[in-house]
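Subject: Structure handover

Hello,

Here is the structure I promised to pass on. Please open it alongside this email; my notes follow.

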Amino acid sequence: MRILIVEDNPDHREILQTRLHSLGNVCQEATDGRKGFLTLCSSRFDLVFCDYRMPEMNGFQFIHTVRKTSGISTIPIIFMTTHSDRTVIDHALSLGATTALVKPYSLENLKTALYLIRAQKWNP
């Protein structure tokens, strides 16, 4: 899959990109929500990983904007957060996130999220 990682923390971006590459994916990065949105509008991706707290445009704003934008509104979005508070995750899901991962997440949790995305995409 071609994946966009929208994450302001360089260490988190590197870890996620390394894990996704090891699973056979191609990744591109954006350092904040605004750059991520612009990148998503200009290139084709199969999936987006989006952090919650970022400058310029946070994860909630990113999801909301993507879901309102023709041509990219249906792309799967995996919301990532360090908050295990269910209200944060529920709000992201209500805005249109496909699923969520709480950081730090295990490789198995990442594989499960990717499996769920692939299953939804192949069996709409």
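**Overall layout**

Reading from the N terminus, the elements of the protein run β-α-β-α-β-α-β-α-β-α. That makes 5 helices and 5 strands. The radius of gyration is 13 Å, close to the 14 Å that the globule rule gives for 124 residues, so the protein is as compact as a globular protein of that length. Please keep in mind that this is a predicted model.

Some whole-protein numbers come next. Along the principal axes, the C-alpha atoms fill a box of roughly 30 × 30 × 25 Å. Buried residues make up 43% of the 124 residues. The accessible surface comes to about 6500 Å². Carbon and sulfur atoms hold 52% of that surface. I also looked at contacts with a separation of 6 or more. Of these, 59% are between residues 24 or more positions apart.

**Charges and salt bridges**

The protein has 14 positive and 12 negative charges. The mean positions of the two sets are 7 Å apart. Side chains of opposite charge can pair when their charged atoms come close. How many salt bridges does a search of the whole structure find? The count is 8. Here are some of them.

Arg-13 forms a salt bridge with Glu-29. Their closest N and O atoms are 3.2 Å apart. This pair links distant parts of the chain. Arg-13 sits in helix 1 (residues 10-22), and Glu-29 sits in strand 2 (residues 26-30). The two are 16 residues apart. Arg-13 has a relative accessible area of 10%, so this residue is buried. Glu-29 is partly exposed, at 33%.

Arg-44 pairs with Asp-46. Here the closest N and O atoms are 2.8 Å apart. Which partner is buried, and which is exposed? Arg-44 is exposed, with a relative accessible area of 58%. Asp-46 counts as buried, at 12% relative accessibility.

Glu-108 and Lys-111 also meet in a salt bridge, at 3.7 Å from N to O. Both belong to helix 5 (residues 107-122). They are 3 residues apart there, so about one helical turn separates them. Lys-111 is partly exposed, with a relative accessible area of 33%.

There is a network too. Salt bridges that share partners join Glu-7, Asp-51 and Lys-103.

**Two residues to look at**

Start with Gln-28. This residue is in strand 2. Gln-28 is partly exposed, with a relative accessible area of 28%. What does Gln-28 contact, leaving aside its neighbours within four places in sequence? The list is Arg-2, Ile-3, Leu-4, Ile-5, Thr-39 and Phe-45. Asp-51, from the network above, is 23 residues from Gln-28 in sequence. In space, the two are 14 Å apart, C-alpha to C-alpha.

Now go to Ile-89, in helix 4 (residues 86-95). Is Ile-89 buried or exposed? Its relative accessible area is 6%, and the cut-off for buried is under 20%, so Ile-89 is buried. Not counting residues up to four places away in sequence, Ile-89 touches Thr-81, His-83, Ala-100 and Val-102. Lys-35 is 54 residues from Ile-89 in sequence. Their C-alpha atoms are 23 Å apart in space.

**Backbone points**

Two spots in the backbone deserve a look.

One is the peptide bond from Lys-103 to Pro-104, which is cis. Its omega is near -5 degrees. Pro-104 lies in the loop between strand 5 (99-102) and helix 5. Lys-103 is also a member of the salt-bridge network with Glu-7 and Asp-51.

The other is Glu-56. Its phi is near 70 degrees, a positive value in a residue other than glycine. Where is Glu-56? The residue lies in the loop between strand 3 (47-51) and helix 3 (59-67). Glu-56 counts as exposed, at 60% relative accessibility.

Best wishes

How values were computed:
Residues numbered from 1 in each chain as written. Predicted model: local features only at pLDDT ≥ 70, side-chain atom pairs only at ≥ 80, totals over all residues. Heavy atoms only, no water. Helix = DSSP H or I, 4+ residues; strand = E, 2+ residues; numbered from the N terminus. Rg over C-alpha atoms; globule rule 2.2 N^0.38 Å. Buried < 20%, exposed > 50% of the residue type's maximum accessible area, 1.4 Å probe, protein only. Contact = heavy atoms within 4.5 Å. Areas by Shrake-Rupley, 256 points an atom, 1.4 Å probe, with all protein chains shown as cover. Lys, Arg positive; Asp, Glu negative; His and termini not counted. Charge placed at Lys NZ, Arg CZ, Asp CG, Glu CD. Salt bridge = Lys/Arg side-chain N within 4 Å of Asp/Glu carboxyl O.
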